[in-house]
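Welcome! Here is a short briefing to help you find your way around the model shown below.

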Amino acid sequence: MKTTKFFGNHSKYSLHDARVQKIEFLDDSLIFTFDYIFFYENGTEQTHKAQVVFETCDIDFFEILVFNNTILDTFIGKRIELPQYQQDYSDSEFEVITETYNWGHAAFQGWLWTEGNPVHCIMNIYFKGDMIYVVDEARN
C-alpha cells in the first residue's frame, strides 16, 4: 500500500532571519516578540513587527539548548530554562534560521547573538493550544 502525506498550504508568514527581541510567559501562553517577520502575498514580500503566541504552553517543557559555538564539528552546550535565558541573555538576540512544526511542537534553530558573536541555539516549544501570529499592520 502506498500513502502520500499531504501538507497544507505554506504559511504566508516566515520567521527565517527574524530576531526575537523578547520571550515572555503570560497566562499559560509563551510569547515571542520579533523585530520583524516576513509576510508573502501575491509574489511580494513585506516585513512587519509581530508576536508569535503559543497558547496553553507547559513552560516546564520549553527547552532552550545553547551551544558554545556554531555547530560545525565538535561542540558543547547546555540546556537552560526560560528564567535563566532571560537573565543570561537579556541583551542578546535569537535569530531564527529554521522553523519546524508538528503536532503541538515547534522547534526554532538559529543563532543566539551576544555582543555581535553568534552561537548555535535550539528552542523546543510544546503547546496544546494554537500558534497565533499577532502582526502589526504597519510595514517596517
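**A hairpin to begin with**

Thr-114 stands opposite Asn-117 in strand S9. Keep in mind, as you look at this pair, that the model is predicted. The two residues belong to a pairing of S8 (residues 105–114) with S9, whose strands run antiparallel and are joined by ten bridges. From there, the points below take you around S9, then to a tryptophan in S8, and finally out to the whole chain.

**Strand S9 and its partners**

- The hairpin of S8 and S9 has two residues between the strands, and Glu-115 takes a positive phi there, near 50°.
- S9 covers residues 117–126, and seven of its ten residues are buried, so the strand is largely enclosed by the rest of the structure.
- S9 also pairs with strand S5 (residues 63–67), in the antiparallel sense and over four bridges.
- In S5, the residue to look for is Ile-64, which stands opposite Met-123 in S9.
- As background, side chains in a regular strand alternate between the two faces of the sheet.

**A closer look at Trp-111**

- You will find Trp-111 in strand S8.
- Is Trp-111 buried or exposed? Its relative accessible area is 27%, and because buried means under 20% and exposed means over 50%, Trp-111 counts as partly exposed.
- Leaving aside neighbours within four places in sequence, Trp-111 is in contact with several residues, among them Pro-118, Val-119 and His-120.
- Its other contacts include Thr-70, Glu-93, Phe-94, Glu-95 and Ile-97.
- Tyr-40 is 71 residues from Trp-111 along the chain, and their C-alpha atoms are separated by 23 Å.

**The chain as a whole**

- One helix and ten strands make up the list of elements in the chain.
- How are they ordered along the sequence? The pattern reads β-β-β-β-β-β-α-β-β-β-β.
- The radius of gyration is 16 Å, which agrees with the value near 14 Å that a compact globule of 140 residues would have.
- Along its principal axes, the C-alpha trace spans about 50 × 40 × 35 Å.
- Consider contacts between residues at least 6 apart in sequence: 51% of them join residues at least 24 apart.

**Surface and charge**

- Of the 140 residues, 36% count as buried.
- The chain exposes about 9,100 Å², and carbon and sulfur atoms supply 50% of that area.
- There are 10 positive and 22 negative charges in the chain, and their mean positions are 6 Å apart.

Terms used: Residues are numbered from 1 along each chain as its sequence is written. This is a predicted model: local features need pLDDT of at least 70, side-chain atom pairs count only at pLDDT 80 or more; totals for chains, interfaces and linings use all residues. Side-chain values use heavy atoms; hydrogens and water are left out. The radius of gyration is taken over C-alpha atoms; the globule rule is 2.2 Å times the number of residues to the power 0.38. Buried means under 20% relative accessible area, exposed over 50%, partly exposed in between (1.4 Å probe, protein chains only). Contact means heavy atoms within 4.5 Å. Accessible areas come from the Shrake-Rupley method with a 1.4 Å probe; for residues, only the protein chains shown count as cover. Lys and Arg count as positive and Asp and Glu as negative; His and the chain ends are not counted. The place of a charge is taken as NZ of Lys, CZ of Arg, CG of Asp or CD of Glu. Two strands pair if DSSP finds at least two bridges between them.
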